[in-house]
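These are my notebook entries on a structure that I looked through chain by chain. I began with one residue and its surroundings and then turned to the chains as wholes.

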Amino acid sequence: MYIYDVLITQDLTYRYPDSSTTFRFPDLRVDRAGTLLLLGPSGAGKSTWLHLLAGVLSPSGGRTELDGVDYAALRGSKLDRFRGRNIGLVFQRPYFLEALTVLENLAIARRTAGLPPDRELLQSTLHLLGMDDYADRHPGRLSVGEQQRVTIARALVNRPQLILADEPTSALDNRNAARVSALLRERASELGAALVVVTHDERLRGDFRQVVDLAQQSIHN
Amino acid sequence: MSLFSLAWRNLLYRPWSTLLSVILAALGAGLISIILLLNWQLEQQFDRNLAGIDLVVGAKGSPLQLMMSSMYHISSPTGNVPLDAVKPFLNPAHPYIELGVPLSLGDSYRGRRIVGTRPRFLELYSATLAEGEMWSEVMDVVAGATVARELNLEVGDTFQSSHGLIEDDDLTHREAPSFRITGILAPSGTVADLILLTPNESLWAVHDTHDHAAEDHQKSHYDVNAPLTDYTDESITSVLLRFRGTSVAGLNMQRSINENTELQAVTPSIQLAELYATVGQGEQILRQLGYVVVGVSILSIFIGLYSSLDRRRGELALLRSLGAGPGKLFGLLLLEGTLTAVAGALLGLALSHLGLALIARYFSENYRYDFRALVFLPEEAWILLAAVVVGALASLVPARRAARTDVHQTLAGR
């Protein structure tokens, strides 16, 4: 084990229930503040991989280790709590709790992770994303770009060790895609968090230190 | 932000669907609550004024009317009876009768009934004088506490009575002598608070003038301190009787009076039981209607929550991904259902008390009875508790489905 590696996966496999196909994923090692791009076409198993890394899916075999904790082996509320505290997620579609304001959407992320509310931290996280004036607005009334920034803010608010993003730029034009990519990398670096992005968006290839191209690897048999 | 505030905010975010469920729950709870409240108030009023009266003897007619007019003073009397016919009931040495209180009804002052009687009337209701003194002459009046307060009557005030119970200037006995307040009763919480008491002779005096306008009315031929049985050729409205010992004699006496005389005897407790039974049928129907509305409100909460689940799948998956376990999602939906039902029940209880306040106003204006809108019954706490159970039941299935949200499928957009 490399001393700086924060995310390590080994022999990770997944088989969907009622399916004979088993996905086998390449081993990964991402160091603190490291960036990894998982490129691949639709249907290549990118989202499955990301959800395995997020602990949303439990692997059929192998290990997923974050800062020395094999969280794939955790179950129930322990896994939920671990994910809430240590993994920030940015989804392809910007999901929100529609009844809550932007600031409250950030606050609920701390609450569900069992962390104390910290209004100053919430405000400063919004400030980092240039969203100070949006705190009391409802996310449903924001533009797609603004919503994307709020989801990034929410992913950062618990100061996670790992940030996972699923197709964060696929709906954006070149300029906004570059901005979101830079934003994710800069903020992850500031937090000292590992950043893993899965996408089919080739525009991001040059932005990341490690790139795994699923199109060139067979990950299932 | 707690699960409770999140549930509350979710409900407020879809106000129309929430409002429908809340209104239905409010109707159900309100209907059941107002039935309980009315029942309780009526029974309180009726029971408090039973005053240990075993039998009411008066003119033939509706037994309910005789009881209502003589005991509760909210209806016209069935007529008058010759004093000679009821004299045996006023005999203090009667073997079965402990107390016989004669009543002369028919007049009022500003809608408040003037009751001609004897001082022992106060014994029935444990009423005592708060100020002034008991009557000593014809036309002297002792006012009930509520009447005195509402009409601003003071000792020494005089007034003229009207015929019947309606407040109408044309019905005032202008030729008759004036009544004079000599005393005011302390509040007793009974019907004694609501009436004006005077010797029986006062009402005879008023009607002497009325019937024989040319005659010079002299009060002197009446002695209010003499036993009423000393008079002949007079009439009164009824006699309230309290028996000595067991009521077997009372039942026999009632039957005997009804079968063998021109009088009518009514046992208030039996009459009230019959009244409750009649009212109870309507109450039962209303209560069942309340249960049906509660059932519909359960359905409304269930449909509201269940149909929102598809739209909220992403939101629920998001919560799971943020660290909320399935139990939290289950609890969130359960809380939303329960809060809806409890909010509805609270609104229903508030509406039922408001309704009772309106009914109280009607009763107060028409019958002078005081219903208290701000009385809270222990059963109302049960209604709230039932709302918690009903809300939880209605949201059980949606909550279970929410807890089973497939995070992977939802977040992957499948």
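Leaving aside its neighbours within four places in sequence, which residues is A:Pro59 in contact with? I looked this up in the model, which is a predicted one. The contacts of A:Pro59 are A:Leu12, A:Thr13, A:Tyr14, A:Leu52 and A:Ala72.

**Entry 1. A:Pro59 and its setting**

I placed A:Pro59 in the loop of chain A that runs between helix H1 (46–54) and strand E5 (61–66). I then asked whether A:Pro59 is buried or exposed. Its relative accessible area is 16%, and residues under 20% count as buried, so A:Pro59 is buried. I also checked the separation of A:Pro59 from A:Tyr16: the two are 43 residues apart in sequence, and their C-alpha atoms are 9.7 Å apart in space.

**Entry 2. Helix H1 of chain A**

I went next to the helix that precedes this loop. How many of the nine residues of H1(A) are buried? I found nine of nine buried, and H1(A) is thus mostly covered. The buried residues of H1(A) include the charged-group carrier A:Lys46, and among them are also A:Trp49, A:His51 and A:Leu52. A:Leu52 is also one of the residues that A:Pro59 contacts. After H1(A) comes A:Gly55, and I noted a positive phi near 80° for this residue.

**Entry 3. Two positive phi values outside glycine**

I recorded A:Asp11, which is not a glycine but has a positive phi of about 50°. A:Asp11 belongs to strand E1 of chain A, residues 5–15. Its relative accessibility is 53%, and the cut-off for exposed is over 50%, so A:Asp11 counts as exposed.

I made a matching record for B:Asn152, which is not a glycine either and has a positive phi of about 50°. Where is B:Asn152 found? I located B:Asn152 in chain B, in the loop between helix H6 (145–150) and strand E7 (158–159). B:Asn152 has a relative accessibility of 62% and counts as exposed.

**Entry 4. B:Thr340**

I found B:Thr340 in helix H11 of chain B, which covers residues 326–367. B:Thr340 has a relative accessible area of 5% and is buried. Which residues does B:Thr340 touch, not counting residues up to four places away in sequence? I listed B:Leu11, B:Thr18, B:Ser21, B:Val22 and B:Ile301.

**Entry 5. Chain A as a whole**

I counted six helices and ten strands in chain A. The radius of gyration of chain A is 17 Å, close to the 17 Å that the globule rule gives for 221 residues, so chain A is as compact as a globular protein of that length. Along the principal axes, the C-alpha atoms of chain A fill a box of roughly 50 × 40 × 40 Å. Of its 221 residues, 57% count as buried. Of the contacts in chain A with a separation of 6 or more, 71% come from residues 24 or more positions apart.

I noted an accessible surface of about 9800 Å² for chain A, with 45% belonging to carbon and sulfur atoms. Chain A has 27 positive and 26 negative charges, and the mean positions of the two sets are 3 Å apart.

**Entry 6. Chain B as a whole**

How many helices and strands does chain B have? I recorded 13 helices and 13 strands. For 414 residues, a compact globule would have a radius of gyration near 22 Å, but that of chain B is 31 Å. The C-alpha trace of chain B spans about 105 × 45 × 35 Å along its principal axes. Of the 414 residues, 50% count as buried. Among contacts between residues at least 6 apart in sequence, 79% join residues at least 24 apart.

The accessible surface of chain B is about 18700 Å², and carbon and sulfur atoms hold 59% of this. I counted 30 positive and 41 negative side chains in chain B, with the centres of the two sets 21 Å apart.

**Entry 7. The contact between the chains**

I closed with the contact itself, to which chain B gives 24 residues and chain A gives 27 residues. The area buried between the two chains is about 2400 Å², and carbon and sulfur atoms give 61% of it. Which three residues supply more than any other three of the area that chain B buries against chain A? They are B:Met1, B:Leu322 and B:His408, which supply 27% of that area.

Methods: Residues are numbered from 1 along each chain as its sequence is written. Chains are lettered from A and ligands numbered from 1 in the order in which they are written. This is a predicted model: local features need pLDDT of at least 70, side-chain atom pairs count only at pLDDT 80 or more; totals for chains, interfaces and linings use all residues. Side-chain values use heavy atoms; hydrogens and water are left out. Helices (H or I, at least four residues) and strands (E, at least two) are DSSP runs, numbered from the N terminus. The radius of gyration is taken over C-alpha atoms; the globule rule is 2.2 Å times the number of residues to the power 0.38. Buried means under 20% relative accessible area, exposed over 50%, partly exposed in between (1.4 Å probe, protein chains only). Contact means heavy atoms within 4.5 Å. Accessible areas come from the Shrake-Rupley method with a 1.4 Å probe; for residues, only the protein chains shown count as cover. The place of a charge is taken as NZ of Lys, CZ of Arg, CG of Asp or CD of Glu. Buried area is the accessible area (1.4 Å probe) that two parts lose on being put together, summed over both.
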